[in-house]
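Student: I would like to go through this structure step by step. Can we begin with an empty space and then turn to the core and the rings?

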Amino acid sequence: MGNPGPGAVDADVGMDAVQRRLMFEDECILVDEQDNVIGHESKYNCHLMEKIEAGNVLHRAFSVFLFNSKYELLLQQRSATKVTFPLVWTNTCCSHPLYRESELIEENCAGVRNAAQRKLFDELGIVADELPVDQFILLGRMLYMAPSDGKWGEHELDYLLFMVRDVKLNPNPEEVADVKYVNRDQLKELLRKADAGEDGVKMSPWFRLVVDNFLMGWWDHVEQGTLQGAADMKTIHKL
């Protein structure tokens, strides 16, 4: 798969250096709507709306929902330098497994688990020993498309991973502007503010899809210790 040409590079000279490196060096895993791997493409190209609308950059992603022992959900606010959805509140960590051997492993979704562990360290400074990959509980997959602005957007087949664990945080300011743990009522208030446009609060579209379709029911399972029983990895929810 090709890299963007010189014109595309020149057009993004104002991009933050760290985000620029990730956009051009990271190779996302392209999949079809049944989640079969069909190739790879740069993170840059995978998030251009013109390519998304052309229908050829659907890629694998993951969203982590990390709860503490009080069953509060850890949220992050994406940094101001993020190319897509800057300063938007979202679930604990959202990113992509990359086109590399350790993150392409299909058995027991090991590639996605490895990618989640990697990014939780990159973004939130949570060391691998605190997040054993076999402790991630995969609850489902969803396929969605969402524009960020006129140029950028998302078209992802997103794996939804849950874990209940107390961890030490050391957020990376290049990736994360803020973090907070919320209970259900606090999350509902944050959603109300986002809907009302209060205090500049914005929520990521993928997080909102999970909240609106799954999260509150799954939160019951978090509190009851029955998450494994809620898992459905056969269905790909098209939202």
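**Cavity, core and rings**

Tutor: This is a predicted model. In the second largest cavity, the lining residues divide into one nonpolar, two polar and four charged.

Student: Which residues line the second largest cavity, and which of them is nonpolar?

Tutor: The lining is made up of Asp26, Lys43, Ser95, His96, Leu98, Arg118 and Lys119. Asp, Lys and Arg count as charged, while Ser and His fall among the polar residues. The one nonpolar residue of this lining is Leu98.

Student: What is the volume of the second largest cavity?

Tutor: Rolling a probe the size of a water molecule over the atoms shows where empty space is left. A search of the whole structure gives two cavities of 30 Å³ or more. The second largest has a volume of about 40 Å³.

Student: What share of the residues counts as buried?

Tutor: Buried means under 20% relative accessible area. The protein has 239 residues, and its secondary structure comes to eight helices and 10 strands. The buried share is 51%.

Student: Which element gives the most residues to the largest nonpolar core?

Tutor: In soluble globular proteins, nonpolar side chains tend to be buried together. The largest nonpolar core here has 32 residues, and Phe65, Leu73 and Phe207 are among those with the most contacts inside it. Elements giving two or more residues to this core include β3 (59–67), β4 (73–78), α6 (184–196) and α7 (205–224). The one that gives the most, with nine residues, is α7.

Student: How many residues are in the second, separate core?

Tutor: This core includes Leu66, Ala116, Phe136 and Val167. Its count of residues is 26.

Student: Is the aromatic pair of Phe65 and Phe207 stacked, tilted or edge-to-face, and how many residues apart are the two?

Tutor: A pair of aromatic rings is described by the distance of the centres and the angle of the planes. For Phe65 and Phe207 these are 6.1 Å centre to centre and 40 degrees, and the pair is tilted. Both residues are buried. Phe65 is in strand β3 and Phe207 in helix α7, and their separation along the chain is 142 residues.

Student: Why does the pair of Phe85 and Trp206 count as edge-to-face?

Tutor: The ring centres of Phe85 and Trp206 are 5.3 Å apart. An angle over 60 degrees between the planes counts as edge-to-face. The pair therefore gets this name from the angle of its planes, 85 degrees.

Student: Where does Phe85 lie, and what is its relative accessible area?

Tutor: Phe85 lies in the loop between β4 and β5, whereas Trp206 is in helix α7, 121 residues apart from it. Both Phe85 and Trp206 are buried. For Phe85, the relative accessible area is 8%.

Student: What is the phi of Phe85, and which other residue has a phi near 55 degrees?

Tutor: Most residues other than glycine have a negative phi. Phe85 is not a glycine, yet its phi is positive, about 55 degrees. In the loop between β6 (93–95) and α5 (110–124) there is another residue with a positive phi, near 55 degrees. That residue is Cys109.

Student: Which residues form one aromatic cluster?

Tutor: The count of aromatic pairs comes to eight. Phe65 and Phe207, which form a tilted pair, both belong to the cluster. Its residues are Phe65, Phe67, Phe162, Phe207, Phe214, Trp218 and Trp219.

Methods: Residues numbered from 1 in each chain as written. Predicted model: local features only at pLDDT ≥ 70, side-chain atom pairs only at ≥ 80, totals over all residues. Heavy atoms only, no water. Core = buried A, V, L, I, M, F, W, Y, C linked by side-chain atoms within 4.5 Å. Buried < 20%, exposed > 50% of the residue type's maximum accessible area, 1.4 Å probe, protein only. Helix = DSSP H or I, 4+ residues; strand = E, 2+ residues; numbered from the N terminus. 1 Å grid on protein atoms, 1.4 Å probe; cavity = no way out; pocket = protein on both sides within 12 Å on 5 of 7 lines; lining within 4 Å. Points joined across faces, edges and corners; volume = space filled by probe spheres on them. Phe/Tyr/Trp six-rings, centres within 6.5 Å; stacked < 30°, edge-to-face > 60°.
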